[in-house]
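Let's walk through this one together, starting with the overall fold and then zooming in on a few residues. Have the viewer ready so you can click along.

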Amino acid sequence: MNYLNTLLFAIYPFVALTVFLVGSLIRYDRDQYTWRTGSSQLLEHKQLRIGSYLFHIGVIAILAGHFVGLLTPKAVWHLLGIEASTKQMMAMVIGGFFGVICFIGLTILIKRRLTNPRVRATTSKMDLTILLMLYAQLILGLISILVSAGHMDGAEMLKLMTWAQSIVTLDGSAAAAAIADVNIIYKLHIFLGMTLFLLFPFSRLVHVWSVPVQYFRRNYQVVRAKAAR
């Protein structure tokens, strides 16, 4: 079991993150034409607009919360006067709120993909696989909130923080030790998350890298009404 724990949570994350970064660079260099979402808006737009809006709001908030919550050192939280139990409650409430929003949006998008014949015809196996994996990952995340409610001292959360920070600092041994005895729901959530990173370069998820940040820095465009004749 110790070997399996090390393999899945100390070695596999490094493999997945390496494929995520290197694979994204290679795909951008060799196949820029596919660096897009492959939108099906022309086939159906009402459900897409609602589902996509809810999903993206939810997932952006969730990812930001995971990034800040897991990678901010414990000393910083103490400096801010936030104890582990308080931080866990914040994560449960905020994460649960945006998790439900994301769940509703993703449910709409999956239903649209499966029930609309025209959209279904343009859906690849990888598209459907990623959607269902995201759905499973979201469900595990929501279930983890219920698990967290059973231990409000924040001890499990501190172990997950130690695991994430150990991965970032390339300390596989500390990562494996930190996560060894956490609840199986957290382990499944992490494993599936790493698998999504692994598949990222081979799916439409690469469009995440193309967020038009420069749009917010560009000069205003002056549009004049056509002169009357």
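What follows goes from the whole chain down to single side chains.

Keep in mind that this is a predicted model. The protein chain has 229 residues, and its secondary structure comes to 9 helices and 0 strands. Reading from the N terminus, you simply get α-α-α-α-α-α-α-α-α. Buried residues make up 37% of the chain. The accessible surface comes to about 14,500 Å², and 69% of that belongs to carbon and sulfur atoms. If you look at contacts with a separation of 6 or more, 83% of them are between residues 24 or more positions apart.

Now for the record. In an unreviewed entry, UniProt places the feature "transmembrane region" at residues 6-29, 50-69, 89-110, 130-151 and 191-210. Two of these spans are easy to check against the model. Residues 50-69 are 100% helix, and the C-alpha atoms at the two ends lie 28 Å apart. Residues 89-110 are also 100% helix, with end C-alpha atoms 30 Å apart.

Start at the N-terminal end, with helix 1, which covers residues 2-30. What sort of surface patch do Tyr-3, Leu-4, Leu-7, Ile-11 and Val-15 form? The patch is nonpolar, and together these residues have about 470 Å² of accessible area. Take Val-15, which sits in helix 1. Its relative accessibility is 41%, so it counts as partly exposed, a label for values between 20% and 50%.

Next, jump to helix 7, residues 155-168. Its 14 residues, at 1.5 Å a residue, should span 20 Å, and the end C-alpha atoms are indeed 20 Å apart. The buried residues here are Glu-156, Met-157, Leu-160, Met-161, Trp-163, Ala-164, Ser-166 and Ile-167. What do they pack against? The list is helix 1, helix 2 (46-71), helix 3 (74-79), helix 4 (84-115), helix 8 (172-179) and helix 9 (184-199). Just after helix 7, have a look at the backbone of Leu-170, which takes a positive phi of about 65 degrees.

For a view of helix 7 from one of its neighbors, go to Leu-71 in helix 2. Leu-71 is partly exposed, with a relative accessible area of 31%. Leaving aside residues up to four places away in sequence, Leu-71 touches His-66, Ala-164, Gln-165 and Val-168. Leu-71 and Met-161 are 90 residues apart in sequence, yet their C-alpha atoms are 6.5 Å apart in space.

Now the charged pairs. How many salt bridges does the structure hold? There are 3, and two of them involve Lys-159. Lys-159 pairs with Glu-156, with the closest N and O atoms 3.7 Å apart. Both residues lie in helix 7, 3 residues apart, which is about one turn of the helix. Are the two partners buried or exposed? Glu-156 has a relative accessible area of 11%, so it is buried, the cut-off being under 20%. Lys-159 is at 26% and counts as partly exposed.

Lys-159 also forms a salt bridge with Asp-181, where the closest N and O atoms are 3.3 Å apart. Lys-159 is in helix 7 and Asp-181 is in the loop between helix 8 and helix 9, so this pair ties together parts that are 22 residues apart in sequence. Asp-181 is exposed, with a relative accessible area of 53%. With their shared partners, the salt bridges join Glu-156, Lys-159 and Asp-181 into one network.

That leaves the pair elsewhere in the chain. The side chains of Asp-127 and Arg-204 meet in a salt bridge, N to O, at 3.0 Å. This pair links distant parts of the chain: Asp-127 is in helix 6 (residues 125-148) and Arg-204 is in the segment after helix 9, 77 residues apart. Asp-127 counts as buried at 10% relative accessibility, whereas Arg-204 is partly exposed at 24%.

Conventions
Residues numbered from 1 in each chain as written. Predicted model: local features only at pLDDT ≥ 70, side-chain atom pairs only at ≥ 80, totals over all residues. Heavy atoms only, no water. UniProt positions renumbered as here; feature names shortened; annotations may be inferred. Helix = DSSP H or I, 4+ residues; strand = E, 2+ residues; numbered from the N terminus. Patch = residues over 30% accessible without salt bridge, like charges linked within 9 Å, V, L, I, M, F, W, Y side chains within 5 Å. Areas by Shrake-Rupley, 256 points an atom, 1.4 Å probe, with all protein chains shown as cover. Salt bridge = Lys/Arg side-chain N within 4 Å of Asp/Glu carboxyl O. Buried < 20%, exposed > 50% of the residue type's maximum accessible area, 1.4 Å probe, protein only. Expected span 1.5 Å × (residues − 1). Contact = heavy atoms within 4.5 Å.
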